[in-house]
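Thanks for coming. I have one structure to walk through today, and I will keep to what can be read from it.

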Amino acid sequence: MFNQVALIILAGGKSRRMGFDKQQLEIAGETIVHKQIHHLHQYFYEVIVVSNRPDLYQDDPVQVVRDDYLGQGPLAGIHAGLQATRADYGFVLACDMPHWDLDYLAYQFKLANQGGHLLVASQDSQGQIYPFHALYSKQLLSPLAQYLEAGQRRVQSFILDQDACLIKQEAYPRKVDFSDLFINLNQPDDLCRYQEGRIP
């Protein structure tokens with residue numbers, strides 16, 4: 001379906017707030033990251049997992065890579081994923097995101113192609129930018145490296161510096177709830193509330 005896009009899953013974080021490795025986060029008996037792989041791999045050119053635990057993915061149809069810029073956060077993971085793929089774009093998810101929307105991704109990809117955008121992300125009415133469930137062009141490798149080498153780590157700052165295409169919720173022609181689509185589970189209470197149906 002997305003022959004020019006690799007699925008890049010960021011799974012290398014330190015998970016300090018969760019208290020355990022978020023690669024082990026389970027919903028209904030399956031880890032979120034394996035649910036992402038199993039449900040989505042068929043739609044993409046390839047799947048790349050950025051992780052320091054390749055042993056967790058030995059039986060999965062994925063390529064596992066490590067950050068070149070250790071300890072530099074998600075921005076380094078995006079760089080590692082884009083560097084590893086031969087696809088034109090990477091669709092970036094985090095391993096703590098239980099939701100995704102392929103129709104919304106198709107809309108993002110359409111905007112990227114029509115407008116020549118190297119980066120397509122989303123922004124809510126309060127100005128919050130969502131750096132995941134977003135498209136990043138492989139052409140961003142050089143500016144990513146420059147950002148990281150300068151010691152800059154904020155993904156949202158990088159997005160703003162790239163003059164990215166930022167989709168507003170009200171501009172999308174089909175109803176989508178950003179607070180649901182972009183939910184991520186950062187700490188144990190988030191997981192409990194999600195499992196009980198209390199978030200988003």
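I will go through the sheet, then the helices, then a few single residues.

A word on the source. This is a predicted model, in which local features need pLDDT of at least 70 and side-chain atom pairs count only at pLDDT 80 or more, while totals for chains, interfaces and linings use all residues. Residues are numbered from 1 along each chain as its sequence is written, and side-chain values use heavy atoms, with hydrogens and water left out.

When I say helix or strand, I mean a DSSP run, H or I of at least four residues for helices and E of at least two for strands, numbered from the N terminus.

Let me start with the sheet. It is an open sheet of 7 strands, in the order 5-4-1-6-8-7-9, and the pairing is mixed. Two strands pair if DSSP finds at least two bridges between them. Which strands sit at the edges? Strand 5 (63-65) and strand 9 (165-168) do, each pairing on one side only. From one strand to the next the twist averages 25°. For angles, the axes are lines fitted to C-alpha atoms, for helices over the stretch in contact, and the angle runs from 0 to 180 degrees between N-to-C directions.

As general background, strands of a sheet pair through backbone hydrogen bonds, either parallel or antiparallel. At one edge, strand 4 (residues 47-50) pairs with strand 5 in the parallel sense, over 3 bridges. Within that pairing, Ile-48 has Gln-63 of strand 5 as its bridge partner. At the other edge, strand 7 (residues 119-123) and strand 9 run parallel and are joined by 4 bridges. Here Ala-121 has Leu-166 of strand 9 as its bridge partner.

Strand 9 also shows an alternation of side chains. Cys-165 and Ile-167 point to one face and are buried, whereas Leu-166 and Lys-168 point to the other face and are not. Buried means under 20% relative accessible area, exposed means over 50%, and partly exposed is in between, with a 1.4 Å probe and protein chains only. Cys-165 counts as buried because its relative accessibility is 15%.

Another cysteine, Cys-95, is buried too, with a relative accessible area of 5%. How many disulfides are there? If a disulfide is a pair of cysteine sulfur atoms within 2.5 Å, the count comes to 0.

Now the helices. Helix 1 (residues 32-40) lies across strand 1 (5-10), strand 4 and strand 6 (89-94), and runs at about 170° to strand 1.

Helix 4 (residues 141-149) has Leu-141, Leu-144, Ala-145, Tyr-147 and Leu-148 as its buried residues. Seen down the helix 4 axis, these fall within an arc of 160°, so they line one face. That arc is taken from the directions from the helix axis to the C-beta atoms. What do the buried residues of helix 4 pack against? They pack against helix 2 (74-84) and helix 5 (155-161), where contact means heavy atoms within 4.5 Å. The face of helix 4 turned away from the buried side carries the exposed residues Gln-146 and Glu-149. Just after helix 4 comes Gly-151, with a positive phi of about 80°.

Two residues other than glycine also have positive phi. Ala-28, in the loop between strand 2 (26-27) and strand 3, has a phi near 55°. Ala-28 counts as exposed, at 83% relative accessibility. Asp-163, in the loop between helix 5 and strand 9, has a phi of about 50°. Asp-163 is likewise exposed, at 67%.

Last, two residues with polar side-chain contacts. A polar contact is a pair of N or O atoms within 3.5 Å; within protein, one must be able to donate a hydrogen and the other to accept it, and residues adjacent in sequence count only if both atoms are side-chain atoms.

Gln-23 lies in the loop between strand 1 and strand 2. Is Gln-23 buried or exposed? Gln-23 is buried, at 2% relative accessibility. Its side chain makes a polar contact of 2.7 Å with the side chain of Ser-51. Leaving aside residues up to four places away in sequence, Gln-23 touches several others, including Asn-52, Tyr-57 and Cys-95.

Glu-30 is in strand 3 (residues 30-31) and counts as partly exposed, at 26%. The side chains of Glu-30 and His-38 are joined by a polar contact of 3.0 Å. With the same sequence neighbours left out, Glu-30 touches Leu-25, Lys-35 and His-38.
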